[in-house]
Amino acid sequence: MSTKRRFFVGGNWKMNGTTSSIDGIIKFLIEGQWSKDVDVVVSPPSVYLQYVRSKLPDNIAIAGQNCYKTEKGAYTGEISPQMLLDINCQWVILGHSERRNVFNETDQLIGEKVGYCNNVGINVIACIGEQLEDREAGNTEKVVARQLAAIAAQITDWTSVVIAYEPVWAIGTGRTATPEQAQEVHQFLRKWLNDNVSSSVALQTRIIYGGESHRFNGVCLSALTTVSVAIIAIEKQVWQDLKSTRLSKCFAI
């Protein structure tokens, strides 16, 4: 069985942007010479999803930053995966560290949302990752295994799921996980999938690095054998490097 996984690069805009600033990002993205062998996904705030979708070409996909686990109902402030699909938004980010640690979403809730989206047919970027105190206590593998188990228990179709390993201590802190640190956790996650799901899922599932990156680090992460890298929160220079057809093809691992 082939272990080649399609390269994936994405940008989570979080709670940032105005129509005018987004227009600048759209122009930048449209001008990029993206390889046809790369999945490119951007995730604007929900109020701008339809606007961005209407402006970008089809080779750049759109992701919601979150959604709930039902089609409709009295859930003020929430959106459903069906709503995302209705505006041609084919991806959603679930379990982001900020949803876990700011909004107190539990492993169980995140797993249920992943499972519901998986059944509905929207692609999921499922996030897992440890906080600084977990890493310093030597509990990284224990934490990510627990989080991944809650997600894996709900998935029936792994072909529409990307796992994003995001070390929380490397988000918004100016710190970045080294390529070796990312590789170590990704190897553990692949082994966990092999032991607890199947060898084919372990081989084929894309596991990406989610967190801050600088130019050199982003390119080095891309070259690792277990990292189907997309940097979720990245600076413009990394986009400039990765939108190059030559680099994108080189790092399509």
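This note goes through a predicted model, point by point, from its strands to its empty spaces and a few single residues.

1. Strand β1, which covers residues 7-12, is a good place to begin reading the model. Six of its six residues are buried, and so the strand is largely enclosed by the rest of the structure. This burial holds for both faces of β1, since Phe7, Val9 and Gly11 lie on one side, Phe8, Gly10 and Asn12 lie on the other, and all of them are buried.

2. The partner to look at next is strand β2, made of residues 38-43, which pairs with β1 in the parallel sense over six bridges. Within this pairing, Asn12 of β1 stands opposite Ser43 of β2. Between the two strands the chain passes through helix α1, residues 19-31, and the resulting β-α-β crossover is right-handed.

3. The loop between α1 and β2 holds Lys36, and this residue gives a contrast with the buried strand. With a relative accessible area of 65%, Lys36 counts as exposed, because exposed means over 50%. Although Lys36 and Asn59 are 23 residues apart in sequence, their C-alpha atoms are 7.9 Å apart in space.

4. Strand β6, residues 161-165, can be read in the way used for β1. Five of its five residues are buried, so β6 is largely enclosed by the rest of the structure. Val161, Ile163 and Tyr165 point one way from the strand, Val162 and Ala164 point the other way, and all are buried.

5. The neighbours of β6 deserve a point of their own. Strand β5, residues 123-128, pairs with β6 in the parallel sense over five bridges, and in this pairing Ile125 stands opposite Val162. Strand β7, residues 206-209, also runs parallel to β6 and is joined to it by four bridges, with Tyr165 of β6 opposite Tyr209 of β7.

6. Turning to enclosed space, the model has two cavities of 30 Å³ or more, and the largest cavity has a volume of about 40 Å³. Ten residues line this largest cavity, and those closest to its centre are Gly10, Gly11, Val41, Ile93 and Ile125. Strands β1 and β2 are the elements that give two or more residues to this lining. Sorted by class, the lining of the largest cavity has six nonpolar residues, four polar residues and no charged ones.

7. The largest pocket, which is open, should be kept apart from the cavities in the reader's mind. Its volume is about 600 Å³, and of the 20 residues that line this pocket, Met15, Gln65, Asn66, Arg99 and Phe103 are the closest to its centre. The lining of the largest pocket has eight nonpolar, eight polar and four charged residues, whereas the lining of the largest cavity has no charged residues.

8. A last point concerns cysteines, for the structure holds zero disulfides. Cys89 is in no disulfide, and the nearest cysteine sulfur, which belongs to Cys67, is 9.2 Å away. A disulfide would require the two sulfur atoms to be within 2.5 Å. Cys89 has a relative accessibility of 1% and therefore counts as buried, and Cys127, with a relative accessibility of 2%, counts as buried too, because buried means under 20%.

Definitions and conventions. Residues numbered from 1 in each chain as written. Predicted model: local features only at pLDDT ≥ 70, side-chain atom pairs only at ≥ 80, totals over all residues. Heavy atoms only, no water. Buried < 20%, exposed > 50% of the residue type's maximum accessible area, 1.4 Å probe, protein only. Pairing = 2+ DSSP bridges. Right-handed = clockwise from strand over helix to strand, strands pointing away. 1 Å grid on protein atoms, 1.4 Å probe; cavity = no way out; pocket = protein on both sides within 12 Å on 5 of 7 lines; lining within 4 Å. Points joined across faces, edges and corners; volume = space filled by probe spheres on them. Nonpolar A, V, L, I, M, F, W, Y, C, P; charged D, E, K, R; others polar.
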